[in-house]
Every structure is written in structure tokens, then in C-alpha cells.
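Colleague: Hey, I'm new to this one. Can you pull it up and walk me through a few spots?

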Amino acid sequence: MTQSLLHYTRLLCIFVLVFSSSILFAQTSDKTEGCAPLSIHFTAPSGSSTYYWEFDDGGSSTIQDPNHTFIQEKNHTVTFRESQGGTIIGSIVISIYPKPKPSFTADPAGGCVPLDVQFTNTSVVNNNITVTNYNWVFGDGTGDNANANPAHYFPSVNKYTIGFKLETDKDGCDTTAIFTDAINVTNPPIPVFGTDPFPPVACVSPLVLNYLNTTTPGNYTLNWDFGNGNTFAGANPPAQNYTENGSFPITLTLEDEAGCVKTAHLTAGVGVPHPLIALPNDTLCKGQIYTIQNLSAPGVNKWEFQDATPATSTQVEPNLRFDEVGQKTIKYTLTSPDGQCTGDTTITVWVEDISASLSVDPEYSCSEPVLLNYTGTTDNGTTFLYGFGDGTTSNEQNPAHLYVDKDTTTHSLEGEIKYATVFTAISPAGCRATASVTTTINTPNALFVPDVVAGCAPLLVTFNDTSYSNENIVEWNWDFGDGTILNATN
């Protein structure tokens, strides 16, 4: 009897010790990783009555559930004892990571107004940290919170300060950086210059030109290209001597601190005038207005256009529009200012027309979501752009697009919806044609009105059906919420 009791007592003691030890190992922390400085709340084991926390950065605490802020970026081991120097009850590893460093490149970081800029994220982020969102503030009242590498359009002259925030999956690791005057959008003056003599032409060589720079003064650089192999950097260039016959394009280039470049042009001519003209392409679009770029020396201009509006012109750089398709000619005759020398050139262009049509299947639907299948037809188009009624786009010629009603209001009557889509076909020469189509969507709404909404049991309620449908309703399914279900066809 005594031995049995002693054996039972030993088993009980072992059980108590094991059970007690399991409680003492239950120290916890509200977080185990994050970025410095990181404040962490520790909770002592529920079975302890005295407390000694030891932090490996030199700190300690005798509080039951202390808070501790970690500054050093490393893995910290926090030990818990019941007294200083006592047996270690347990430990917790706390990982402190360096904060992410937001950074980016901008291409370009400056230029002429308006300016399109492509931002590229180059942030430095520890491998244990995941960026969950990118927030950009562009300094013009707009931002982007969806893209790591956004593009942005700056429409006004200004120096823009960019804010860039990285949101992460770790405590204390969200980081914001401000980049002051990161984008510089400018609008310097257009350079202006003249020549003496003016116009800068001579039927017989040599031609000596003095240059008169009248550009508005400012903080920018000026570079000259005289068209004869000579260049000059500065505001007041030396005279140039043109000893050979020909046309000499003269360019004055202005560039400011933001990289905004503007140019001015004149052409010097020696000998018989050499007409020098250019169009944006050798294939032009019917009905589109074009401006001919004239790089010739100054003189008397005469233009003749085949099947175009206007048919003739005496302007230096006329606008024209071709009204018929096919091969057309442009003839340009240039006479020197003194009327002594004449030269001409004829260029040939091809005028094309492009058409587009669009159909959709289905054209009508009484349900949604509905898959809309588009067929875009064009004769000369090789690239395509769809603009759907929900603001999304597609570059396919015959896309399938899922229409989903964005109105999630349960008890509402939407009625008829006209969902419009625009199709644009673009030829290799840049000619465009558009077509549009509309799908009518008219979904039914199940609605009813009870004559009473509350009362004493048993309660008789009459339900008045006020449902809407563009089609005839052939069946009603009622579920009264008390297990009663009624299916009716009238």
C-alpha cells in the first residue's frame, strides 16, 4: 500500500513538472519581424510570477509584458528568465530588416512642355520584404497607386516634386521618399536670327553672310550649324563665306538646363535656286491636311498640286488636302528674290483611303454578364484600337469583351443600357478610320411590395409583384423565408 502510494506520488510530481514546464515556455511577442525602429510587445508565460527579459542589444526588463524598440538591423534573440542570471525559460528570435529605399529613374527628367515621362522603379528592398503596393504623387495634383513603373504626362511648365511610397507586408517597413524638383518642365524661347544680306541668296558665288541673333536672352546654350561644314557655339557667330553653288541649311539650336531643345532654320542659296521640300511620308491619307516643309532658300514660291485643295499656292509652306486616291504629283518652282534664277522640283506621292466597319454579336441581351464578340472590318488597316464603353481597350481586330454591370445595388431599376464601342483601324501610313456599334442591354429586375411588413403572428401578408422585364415574364419563383416556396406561371 505504501509503495503504491509512493509510486503514484512520483507520477503526479512528474506530471506537474511537465505541465508546469509547458506553461513556462509560452512567452510570445506581437510581431517577430519588421524594419527598424520597430516596437514589439512581449507577453510573459502565464505560469510565471517573476520576470526577467533580456534583449541582446543591451536592454532588459523586469516588467511582466514589456515593450521594446529594436534599432539595430539584424536577428535579435530575446530570452526570458524568471530572474536575472536564472535558467532560460525560452527565447524568441526577432528579425529587423533595413527599411526599403525608394528610388526611380525618369526618362526624360526634363524637357519641353508638354512632357511625357516614363518612371522606372529602382528601389532597394531586402529579400525578406515584399512590396505590396506602389504609391506615386507627381506634384501636379495627380498620382498613381497601381503601377511600379508608371508613365505620366506633365502639361505645364514647372519643377515637379515627386513623392514615392512603398507599401510592404512587414511591420514598420512602409517607406516614403520625397524627390524635390525631380522633373523640370520648361518652355524657353524659340531662337530667332536673320542674315545680312537678307534673303541669304545669290545667283553667282561667293555669298558672304553676317548672322544677326535676336533670340530673347536667357539661361540656355546656342549652337549654330551653317550648312557648309562649319559650326559655332555662342550667341554671336562669325560671318560665313559660301563659295560653292547649292543650298545650305542653316540651323540655330537652343537648349536649356532641362534639356528642352528648340531650333530655327534658314537656307542659304548660291547659284540657281535648289528647291528642297519634305513631307511626313510618301504615302498620304485622303482628306487629311498636311503642311509641306520647305527647306529651300528664300525666294518667290509657286506650288501646283494634282487633285488637291488648294490646286495652287504661293505660300512658303502651304497646307494641302488630297481629295482623291492614287498617285499624285506636287510641283514646286522657286525663283530667286531678284527674279534672275529659277529652279523647280516635282515629287510623287501615293494617296490612300481607309475604311472601317464594326459589328457585334449579340446586339441585344436581356442578361449580364454577357460576352460581346466584335468583328472589325477594314481594307488597309494593319493595327487596331477598340474603346469599350467601360473605359477598357483592346488592340485585337476581332476581340471578345465581357460586359459586366458595375451597378451592384440590389433593389434598383436600371432599365435599358446602351453600351457603345468605337473601333479604329490604322494603316501603315498612319491613316485612320473609325466605326462604332451599340449593344442594347435590358436586364429584368425582380421587385415586389408587401402590404404589411410587421405584425402579430399569425401574420397574413399580400405581396404585390412590381417586377420589370423588357420580355414577357412567364414564371415567378417565390421564397417566403419560412420554408414555403411557390412557383407560378401567372
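Colleague: Which strand does N301 lie in?

Modeller: N301 sits in strand β29, residues 300-305. Keep in mind that this is a predicted model.

Colleague: Okay, and is N301 buried or exposed?

Modeller: N301 is buried, because its relative accessibility is 9% and the cut-off for buried is under 20%.

Colleague: What does the side chain of N301 reach, then?

Modeller: The backbone oxygen of G299, at 3.4 Å. The N301 side chain also makes a polar contact of 2.4 Å with the side chain of Y332.

Colleague: And which residues farther off in sequence is N301 in contact with?

Modeller: Setting aside neighbours within four places in sequence, there are N294, S313, T314, Q315, V316, Y332, T333 and L334.

Colleague: Switching topic: how many residues has the largest nonpolar core?

Modeller: It has 35 residues, and I292, L320, F322, I330 and Y374 have the most contacts inside it. Strand β42 (residues 432-442) gives the largest share of this core, four residues.

Colleague: What does I292 touch?

Modeller: Not counting residues up to four places away in sequence, I292 touches several residues, among them W303, F305, L320 and I330. There's also a second, separate core of 18 residues, including L222 and L266.

Colleague: Now the outside. Which residues make the nonpolar surface patch?

Modeller: F448, F463, F480 and L486 make a patch of about 350 Å². Of these, F480 lies in the loop between β45 (476-479) and β46 (485-488).

Colleague: How would you class F480 by relative accessible area?

Modeller: F480 counts as partly exposed, because its relative accessible area is 33%, which falls between the 20% and 50% cut-offs.

How values were computed
Residues are numbered from 1 along each chain as its sequence is written. This is a predicted model: local features need pLDDT of at least 70, side-chain atom pairs count only at pLDDT 80 or more; totals for chains, interfaces and linings use all residues. Side-chain values use heavy atoms; hydrogens and water are left out. Helices (H or I, at least four residues) and strands (E, at least two) are DSSP runs, numbered from the N terminus. Buried means under 20% relative accessible area, exposed over 50%, partly exposed in between (1.4 Å probe, protein chains only). A polar contact is a pair of N or O atoms within 3.5 Å; within protein, one must be able to donate a hydrogen and the other to accept it, and residues adjacent in sequence count only if both atoms are side-chain atoms. Contact means heavy atoms within 4.5 Å. A nonpolar core is a set of buried Ala, Val, Leu, Ile, Met, Phe, Trp, Tyr and Cys residues joined through side-chain atoms within 4.5 Å. Patches are made of residues with over 30% relative accessible area and no salt bridge: like charges are joined within 9 Å, nonpolar side chains (Val, Leu, Ile, Met, Phe, Trp, Tyr) within 5 Å. Accessible areas come from the Shrake-Rupley method with a 1.4 Å probe; for residues, only the protein chains shown count as cover. A salt bridge is a side-chain nitrogen of Lys or Arg within 4 Å of a carboxyl oxygen of Asp or Glu.
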